[in-house]
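Biologist: I am new to this structure and would like to go through it with you step by step. Could we begin once it is in front of us?

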Amino acid sequence: MSFASSTSLRGHSDKWFESDANFHHLYPLYIQALAQRHWTPLRVVQKASKFLAATPGAKILDIGSGPGKFCLGGAYYNPDAFFYGIEQRSDLVRYAFIAKEMVGLNNVTCMYGNLTELDFSQYDHFYFFNSFYENLPGTYKIDDKLTYSRSLYNQYNRYLYTQLERMPAGTRLATYHGAEAEAPHGYHIVGTDIDHLLKFWIKL
Ligand SMILES: C[S@@+](CC[C@H](N)C(=O)[O-])C[C@H]1O[C@@H](n2cnc3c(N)ncnc32)[C@H](O)[C@@H]1O
């Protein structure tokens with residue numbers, strides 16, 4: 001059966017989401033090569049985004065969105081929710097935009113900037129895949145274009161902590177490969193998946 005004649009409701013964009021390998025073909029080779037270490041696998045995207053898209057119209061922010069894999073997957077699996085990403089590397093944001101055009105999803109916005117420029121109160125729920133890790137010595141880097149330091153690691157974590165702390169009760173957070181210290185007081189783990197690498201939190 002061709003993609004065009006598929007009975008699926010999502011039409012031609014389905015082929016991109018059939019596997020991680022298919023999805024990565026949305027990107028140039030150097031971004032594909034980074035996928036295994038740096039971009040969330042689709043089965044994790046599916047589980048995390050389902051937890052976050054708890055109510056229709058929910059606005060979900062991916063904190064450090066890379067080339068938009070979590071946002072695009074989340075938008076595809078949860079058409080009633082809106083996915084936003086903030087990313088500090090302009091090339092990744094550009095490829096997120098191109099990928100969005102190719103899959104034809106409207107409920108995704110990937111923004112260029114540093115997360116410290118963002119007021120989290122504009123969003124309902126959050127996804128975090130250990131985005132500041134690169135700043136620690138001895139870790140895999142996405143590229144050599146940025147300055148990395150432990151003080152940036154601490155600064156970003158402090159900002160994240162403060163913003164999440166200000167969010168109201170009911171706020172959901174999904175962390176992948178994260179340390180438990182990332183969630184401020186008041187956030188409780190309500191479930192885990194993927195060998196406990198994926199954690200689901202709700203602020204009570
Ligand atoms: C591990 S990747 C995850 C990408 C995406 N969330 C995913 O799951 O596929 C983390 C991303 O966070 C970005 N990042 C790290 N610190 C950031 C900051 N302070 N502001 C914006 N983006 C940041 C990095 O450039 C990188 O693309």
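Biologist: Over residues 56-122, how far apart are the end C-alpha atoms?
Modeller: Please keep in mind that this is a predicted model. Over residues 56-122, a stretch that UniProt lists in an unreviewed entry as "domain: Methyltransferase", the chain is 34% helix and 24% strand. The C-alpha atoms at the two ends of that stretch are separated by 16 Å.

Biologist: Which residues come nearest to the ligand?
Modeller: The space taken by the ligand is the largest pocket, and 21 residues are found around the ligand. By class, this shell holds nine nonpolar, nine polar and three charged residues. Those that come nearest are Thr40, Asp62, Gly64, Glu87 and Arg89.

Biologist: Which residue has a polar side-chain atom 3.1 Å from a nitrogen atom of the ligand?
Modeller: Two other side chains can be set aside, since each is paired with an oxygen atom of the ligand: Thr40 has a polar side-chain atom at 2.4 Å from such an atom, and Gln88 has a side-chain N or O atom at 3.2 Å from one. The contact to a ligand nitrogen atom, at 3.1 Å, is made by a polar side-chain atom of Asn114.

Biologist: What percentage of the area that the ligand exposes when taken alone does the protein bury?
Modeller: The starting point is the ligand taken alone, which exposes 600 Å². Of that area, the share buried by the protein is 98%.

Technical notes. Residues are numbered from 1 along each chain as its sequence is written. This is a predicted model: local features need pLDDT of at least 70, side-chain atom pairs count only at pLDDT 80 or more; totals for chains, interfaces and linings use all residues. Side-chain values use heavy atoms; hydrogens and water are left out. A residue is near a molecule or strand if one of its heavy atoms lies within 4 Å of it. A polar contact is a pair of N or O atoms within 3.5 Å; within protein, one must be able to donate a hydrogen and the other to accept it, and residues adjacent in sequence count only if both atoms are side-chain atoms. Accessible areas come from the Shrake-Rupley method with a 1.4 Å probe; for residues, only the protein chains shown count as cover. On a 1 Å grid over the protein atoms alone, a cavity is a set of points where a 1.4 Å probe fits but cannot get out, and a pocket is an open set with protein on both sides within 12 Å along at least five of seven lines; lining residues have an atom within 4 Å of a point. A molecule sits in a cavity or pocket if more than half of its atoms lie within 2 Å of its grid points. Ala, Val, Leu, Ile, Met, Phe, Trp, Tyr, Cys and Pro count as nonpolar, Asp, Glu, Lys and Arg as charged, and the others, Gly among them, as polar. UniProt positions are given in the numbering used here, feature names are shortened, and annotations may be inferred rather than shown by experiment. Helices (H or I, at least four residues) and strands (E, at least two) are DSSP runs, numbered from the N terminus.
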